[in-house]
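Subject: Structure for your review

Dear colleague,

Please find the structure we discussed below. A description of what was found in it follows, arranged by region.

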Amino acid sequence: MRLAVITATLNSAAHLARAMAGLPQAAEHLVVDGGSTDDTERIARGRPGTRFIALPGSSIYEAWNAGVRASSAEVVCFVNSDDEVDWPAAAAVLARFAAVDGLEIVNGGFRYVDESGAAAAGLPPAREPAPLTLETVLFDVCAINARWFRRSLFERIGPFDTRYALAADREWLLRCMLGGAEQSVADGLTYRYRIHGGSRTMNTARSNALRIGREHMAMAVDHLDKADIRVRAALHRFHTEAMLTAAAAAWRERRAGTLAAVCLGALRRQPSWPLRVPAILAARRR
C-alpha cells in the first residue's frame with residue numbers, strides 16, 4: 001500500500017527542506033506550488049521521487065485538490081511546508097489501512113513546536129491520538145495534517161470546498177463526519193505544527209481571526225438546512241461561537257462597520273443567538 005504526501009508551497013524555501021527530511025523513499029511526494037519566486041522548486045526537485053506541480057495563483061486547498069487528483073497512492077496525507085512528520089509512524093499507519101478493509105481515516109496525535117523545534121510556549125500541550133467527533137471538528141483544533149486518509153474517501157465525500165480560503169479543511173472533515181467515515185487511531189504522535197508569525201492559521205497573533213470567524217459562520221449556514229436535529233444544535237452553537245470570534249477581532253481592529261455587519265448578520269440568521277452568549281463566554285473562561 002502506497003502513501004501520497006501532498007505539500008502546498010508558496011515561497012517555502014526557508015522551511016521546505018526540513019519538512020521533507022526523512023520522508024520515505026517509497027512515498028509519492030507531490031509538491032503543488034502557487035508561484036514561488038524563491039528556491040522552493042529547486043529544493044523540491046532535489047529529492048528523488050518528488051513531483052513538482054506548478055499551479056500559479058492556487059490557494060492551499062486548490063493545491064491539495066490538485067495533489068489528490070494527481071496522486072496514484074491508496075493513502076493520502078497533507079504536510080505543510082513549514083511542519084514536520086514522524087515518518088517512522090507512517091509504516092504502522094499504512095499497515096493499519098492494509099489490514100482493515102473500508103478503513104477511511106487514521107487519526108494521529110500532534111504537538112506544537114517553535115522555530116527551533118522545541119515545544120512552543122503558551123500553546124496547548126501535545127494531543128494524543130483520538131477519533132474525530134462532531135465536537136472536535138466544530139469546536140477544537142481539527143488538525144487535518146495529523147490525520148491520514150484513504151484516497152477513495154475524496155471520491156466519496158468530494159474535494160475541499162475552495163470557497164473557504166482558511167477553513168476548507170474543517171468543512172471537509174465535517175462532511176467526513178456527516179458521511180460516516182470509518183475511523184481508527186494511530187499509536188502515537190505523528191505530526192509537529194511549527195508556530196511562527198508567517199503561518200496563516202498557526203500563529204500567536206491571531207492575525208486571521210476575523211476572516212476565520214466569518215468563514216466558520218458561512219460554513220455553519222451552508223450545513224444547517226440539510227443537517228438533522230442533533231447536528232443542527234451543534235451548528236447553531238458553532239455559528240454563535242464563530243460570530244463571537246469575528247466580532248472580537250473586528251473590535252480589536254476597530255472596524256465598527258464590520259462589527260455591526262457580523263452581529264446583524266448573525267441576528268438575521270439566528271434571532272436567539274444573544275441567549276447563547278453567557279454560556280459560551282463562561283465556557284471560554286473555564
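**The sheet**

Gly-109 has Leu-189 of S8 as its bridge partner. Please note that the model is a predicted one. The pair belongs to a longer run of pairing, in which strand S6 (residues 105-113) and S8 are parallel over 8 bridges. S8 itself spans residues 183-194, and it also pairs with strand S5 (residues 84-85), this time in the antiparallel sense and over 2 bridges. In that second pairing, Glu-84 is found opposite Arg-192 of S8. In general, the strands of a sheet pair through backbone hydrogen bonds, in either a parallel or an antiparallel manner.

Taken as a whole, the sheet is open and consists of 8 strands in the order S3-S2-S1-S4-S7-S6-S8-S5, with mixed pairing. S3 (50-54) and S5 are the edge strands; each has a single partner strand, so one side of each lacks a neighbour in the sheet. The partner of S3 is S2 (residues 28-33), to which it is joined by 5 bridges, the two strands running parallel. Within this pairing, Val-32 is matched with Ile-53 of S3.

Helix H3 (residues 60-70) lies across four of these strands, namely S1 (3-9), S2, S3 and S4 (75-78), and runs at about 150° to S1.

Thr-9 merits separate mention. It is placed in S1 and is buried, with a relative accessible area of 5%. Beyond residues up to four places away in sequence, Thr-9 touches Leu-16, Val-31, Val-32, Asp-33, Gly-34, Ser-36, Thr-40 and Ser-81. Val-32 therefore appears twice in this account, as a contact of Thr-9 and as the bridge partner of Ile-53.

**The helices H7, H8 and H9**

Helix H7 (residues 168-178) is mostly covered, as 9 of its 11 residues are buried. Among the buried residues are Trp-172, Leu-173 and Leu-174, but also the charged residues Asp-169, Arg-170, Glu-171 and Arg-175. After H7 comes Gly-180, which has a positive phi near 70°.

H7 packs against helix H8 (residues 209-224) at an angle of about 25°, the axes being 11 Å apart. The two helices are thus roughly parallel, and their crossing is right-handed. H7 contributes Arg-170, Glu-171, Leu-174, Arg-175 and Leu-178 to the contact, while H8 contributes His-216, Met-219 and His-223. By class, these residues are 3 nonpolar, 2 polar and 3 charged.

H8 also packs against helix H9. Here the axes come within 8 Å and cross at roughly 155°, so H8 and H9 are roughly antiparallel to each other. The crossing is left-handed. Residues in this contact include Leu-210, Met-217, Ala-220 and Leu-224 of H8, and Leu-235, Phe-238, Ala-242 and Ala-246 of H9. The contact of H8 with H9 divides into 14 nonpolar, 6 polar and 3 charged residues. His-216, Met-219 and His-223 of H8 take part in the contact with H7 and also in the contact with H9.

Leu-235 lies in H9 and, at 0% relative accessibility, counts as buried. Leaving aside residues up to four places away in sequence, Leu-235 touches Leu-138, Leu-174, Ala-220, His-223, Leu-224 and Ala-227. Leu-174 is one of the buried residues of H7. The C-alpha atom of Leu-235 is separated by 13 Å from that of Arg-175, although the two residues are 60 apart along the chain.

**Two residues with positive phi**

Most residues other than glycine have a negative phi. Two exceptions may be of interest when you inspect the backbone.

- Ala-143 has a phi near 50°. It is located in the loop between helix H5 (134-139) and strand S7 (147-150), and it counts as buried because its relative accessibility is 3%, under the 20% limit.
- Arg-254 has a phi near 55°. It is located in the loop between helix H9 (229-252) and helix H10 (256-269). Arg-254 counts as exposed because its relative accessibility is 78%, over the 50% limit.

With kind regards

Conventions
Residues numbered from 1 in each chain as written. Predicted model: local features only at pLDDT ≥ 70, side-chain atom pairs only at ≥ 80, totals over all residues. Heavy atoms only, no water. Pairing = 2+ DSSP bridges. Helix = DSSP H or I, 4+ residues; strand = E, 2+ residues; numbered from the N terminus. Buried < 20%, exposed > 50% of the residue type's maximum accessible area, 1.4 Å probe, protein only. Contact = heavy atoms within 4.5 Å. Axes fitted to C-alpha atoms, helices over the stretch in contact; angles between N-to-C directions. Parallel < 35°, antiparallel > 145°, perpendicular 65-115°, else oblique. Left-handed = near helix turned anticlockwise from the far one by under 90°.
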